Each structure stands twice: as C-alpha cells, then as structure tokens.
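Student: I have a new structure open and would like to learn how to read it. Could you take me through some of its features, step by step?

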Amino acid sequence: MSAAWSKNLSNIEKTAVTAACQSFIDTVLKPRFLPQIHPTEFNYPVDILGRWHGTRYRFLQRYRSGFAENRGDEFEAPFTRLDWIGPDRFDIYWHRHTGTWFQLYNSLPLTKALKATETDGHLHPL
C-alpha cells in the first residue's frame, strides 16, 4: 500500500503536515526537551527540527561538539520518523541506538501520531 500512496502525497498535504509538525516541535518538544542550551565539553543538543525525506518526516536533534579537537562542529541525529502511508495516515518509527528504525505504531492519523510522539518515551529525543 505504501508504494501506491507515495506517489499521491500532495504538496498541500505535505505543507500541512510540515506546519503541524513544526508547531509540535515549537510548543511541545523544545519546551520539554530543550528549554535551554547548556554547552558542555562533550556533544550537547542545540536544536530540535524536522525534515522530509521523500514521504518520511523525520524529527532530528542537532548537536554541537564541545570537544577540543572539533569544538563547534554540528551534526544531526534522528529520533522519530513518521512514514506517510496515505491521506492522514502515518506509521511511526523509533530510531534505535544501532542506527536502525523500528516500527512502533501503524496507520495513525497525524494528531494521534504526534500524541504518541509526545507520550511514548521511546520516541523522545535523547
């Protein structure tokens, strides 16, 4: 089903999902998981953002290095992914420490997908 639907993700729906996810990042994720930036001598989080990769919307945490040899370098690490499978339907994946994705929820509407991301600790940024 995913392959057939992937061709039909309209720009209108993509824009609406992006706006809802950005609002979720700004009002839920950042206040809860990154209310302030605390530089350290190690890697530390500096932002939470989202980005599309095809029909997959990934939530990412941006880190900055505090290590002397690469101080200030930044990188992104995904933590949750919403796979668009049809109009207002998403599968939700958790990014494991091994680098693989593991599906936790199937075929949820966007509001329930965002609620699951808010309440399920597996889907939270580190």
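Tutor: Gladly! Let us begin with pairing: two strands count as paired if DSSP finds at least two bridges between them. Keep in mind that this is a predicted model. Here, S1 (residues 43-53) and S2 (residues 56-65) are antiparallel partners, with 10 bridges between them. Within that pairing, aspartate 47 has arginine 62 of S2 opposite it.

Student: Which residue takes a positive phi in the hairpin of S1 and S2?

Tutor: That is glycine 54, with a phi near 70°. The hairpin has two residues between its strands.

Student: And how many bridges pair S2 with S3?

Tutor: Nine, again in the antiparallel sense, and S3 covers residues 74-86. One facing couple to look for is arginine 64 and, opposite it, glutamate 74 in S3.

Student: Now the rings. How many aromatic pairs does the structure hold?

Tutor: Seven. One of them is tyrosine 63 with phenylalanine 75, a stacked pair whose centres are 5.3 Å apart and whose planes differ by 15°. To see why that is called stacked, compare the angle with the cut-off: planes under 30 degrees apart count as stacked. This pair links distant parts of the chain, since tyrosine 63 belongs to strand S2 and phenylalanine 75 to strand S3, 12 residues apart.

Student: Is tyrosine 63 buried or exposed?

Tutor: For this we use relative accessible area: under 20% is buried, over 50% is exposed, and in between is partly exposed. Tyrosine 63 has 12%, so it counts as buried. Its partner phenylalanine 75 has 38%, and therefore is partly exposed.

Student: What about the rings of tryptophan 94 and phenylalanine 102: why is that pair edge-to-face?

Tutor: Because their planes stand at 85°, with the centres 6.3 Å apart; the cut-off for edge-to-face is over 60 degrees. Tryptophan 94 is partly exposed at 22%, and phenylalanine 102 is partly exposed at 44%. The strands tell a matching story: tryptophan 94 stands opposite phenylalanine 102 in S5.

Student: How many bridges join S4 to S5?

Tutor: Five, and the two strands run antiparallel. Their hairpin has five residues between the strands, and there glycine 99 takes a positive phi near 95°.

Student: Which residues do ring pairs link into a cluster?

Tutor: Look for Phe24, Trp52, Tyr57, Phe59 and Phe79.

Student: Rings can also have a charge over them. Where does arginine 81 lie?

Tutor: Arginine 81 lies over the face of tyrosine 93, 4.3 Å from the ring centre. The charged end of arginine 81 also sits over the ring of tryptophan 101, at 4.8 Å from the centre of that ring.

Student: You showed me glycines with a positive phi. What is the phi of aspartate 88?

Tutor: About 55°, a positive value, although aspartate 88 is not a glycine. You will find aspartate 88 in the loop between S3 and S4. With 37% relative accessibility, aspartate 88 counts as partly exposed. Serine 107 is another non-glycine with a positive phi, also given as about 55°, but serine 107 sits in strand S5, residues 101-108. At 30% relative accessible area, serine 107 is partly exposed.

Student: Where does alanine 68 lie?

Tutor: In the loop between S2 and S3. Alanine 68 has 62% relative accessibility, so it counts as exposed. For a sense of distance, take alanine 68 and tryptophan 94: they are 26 residues apart in sequence, and their C-alpha atoms are 32 Å apart in space.

Student: Finally, pockets. How many residues line the largest pocket?

Tutor: Its lining has 14 residues, and those nearest its centre are Pro78, Phe79, His95, His124 and Leu126. The space in the largest pocket is about 220 Å³.

Student: Which strand gives the most to that lining?

Tutor: S3 does, with three residues. S2, S3 and S4 (89-95) each supply at least two. Sorted by class, the lining has seven nonpolar residues, six polar and one charged.

Notes:
Residues are numbered from 1 along each chain as its sequence is written. This is a predicted model: local features need pLDDT of at least 70, side-chain atom pairs count only at pLDDT 80 or more; totals for chains, interfaces and linings use all residues. Side-chain values use heavy atoms; hydrogens and water are left out. Helices (H or I, at least four residues) and strands (E, at least two) are DSSP runs, numbered from the N terminus. Rings of Phe, Tyr and Trp (its six-membered ring) pair if their centres lie within 6.5 Å; planes under 30 degrees apart count as stacked, over 60 as edge-to-face and the rest as tilted. Buried means under 20% relative accessible area, exposed over 50%, partly exposed in between (1.4 Å probe, protein chains only). A charge sits over a ring if NZ of Lys or CZ of Arg is within 6 Å of the ring centre and within 35 degrees of the ring normal. On a 1 Å grid over the protein atoms alone, a cavity is a set of points where a 1.4 Å probe fits but cannot get out, and a pocket is an open set with protein on both sides within 12 Å along at least five of seven lines; lining residues have an atom within 4 Å of a point. Grid points are joined across faces, edges and corners, and a volume is the space filled by probe spheres set on the points. Ala, Val, Leu, Ile, Met, Phe, Trp, Tyr, Cys and Pro count as nonpolar, Asp, Glu, Lys and Arg as charged, and the others, Gly among them, as polar.
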